[in-house]
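Colleague: I'm new to this one, so could you take me through a single part up close? Pick a spot at the start of the chain and work outwards from there.

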Amino acid sequence: MTTQVIVLNGGSSSGKSGIIRCLQAVLPDPWLALGTDTLVEAMPASMQASDGGIEFAPDGEVTVGPEFRTLEAAWIKGIAAMAGAGARVIIDEVFLGGAASQQRWQEALGDLRVLWVGVRCDGAVAAGREVARGDRTIGMAVSQAEVVHRGVAYDLEVDTANAESMECARIIAVHVT
């Protein structure tokens, strides 16, 4: 059975997006890239201004409410359906709930062949990238650097503080069957 889904989990500014672009370039088949940022961008602006949606605190803390979780559940099931229908999908995720976040994906992905990849990056390195990007709430990178990995089981981990995106993509690609 071939890999149908690659899940990259890491904190904000850890380098997931760069790895995904490189994976799309090195993998022989076309892969769709979908992620939590795409989900947040697809939501109405009012979801970022309500207790039920998603809130980004000035210190970088992210909190999500029940309305966000409802839409997220539908999003996850939709991505699983696309993969089940034959699309190969790379998921760019931030498991704010650690193992509980992974479990939501595991339940939806069911029997699909998934490669779980942890994207690690030292908080200080990610914080520097966060400032350079200019589109992130300062503090998210440091607050998420470790918490997103708590209790999460991976097939493979890469460290973007010590390797470039293309090198990480090549390491991951070797594990895609």
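Modeller: Thr3 counts as buried because its relative accessibility is just 2%; buried means under 20% relative accessible area, exposed over 50% and partly exposed in between, with a 1.4 Å probe and protein chains only. Keep in mind that this is a predicted model, where local features need pLDDT of at least 70 and side-chain atom pairs count only at pLDDT 80 or more, while totals for chains, interfaces and linings use all residues. Residues are numbered from 1 along each chain as its sequence is written, and side-chain values use heavy atoms, leaving out hydrogens and water.

Thr3 sits in the segment before β1. Leaving aside residues up to four places away in sequence, Thr3 touches Trp31, Arg88, Arg113, Leu115, His175, Val176 and Thr177 (contact is heavy atoms within 4.5 Å).

Now the sheet. It's open, with 5 strands in the order β2-β5-β1-β6-β7 and parallel pairing. Strands (E, at least two residues) and helices (H or I, at least four) are DSSP runs numbered from the N terminus, and two strands pair if DSSP finds at least two bridges between them. At the edges you'll find β2 (32-35) and β7 (156-159), each pairing on one side only. On average, neighbouring strands are turned by 20° against each other, direction ignored; axes are lines fitted to C-alpha atoms, for helices over the stretch in contact, and angles run from 0 to 180 degrees between N-to-C directions.

β2 joins β5 (residues 89-93) through 4 parallel bridges, and Leu34 has Ile91 of β5 as its bridge partner. Packed on the sheet is helix α1 (residues 16-26), which touches β1 (5-9), β2, β5, β6 (114-120) and β7 and makes about 170° with β5. Helix α4 (residues 99-109) lies across β1, β5 and β6, at about 160° to β6.
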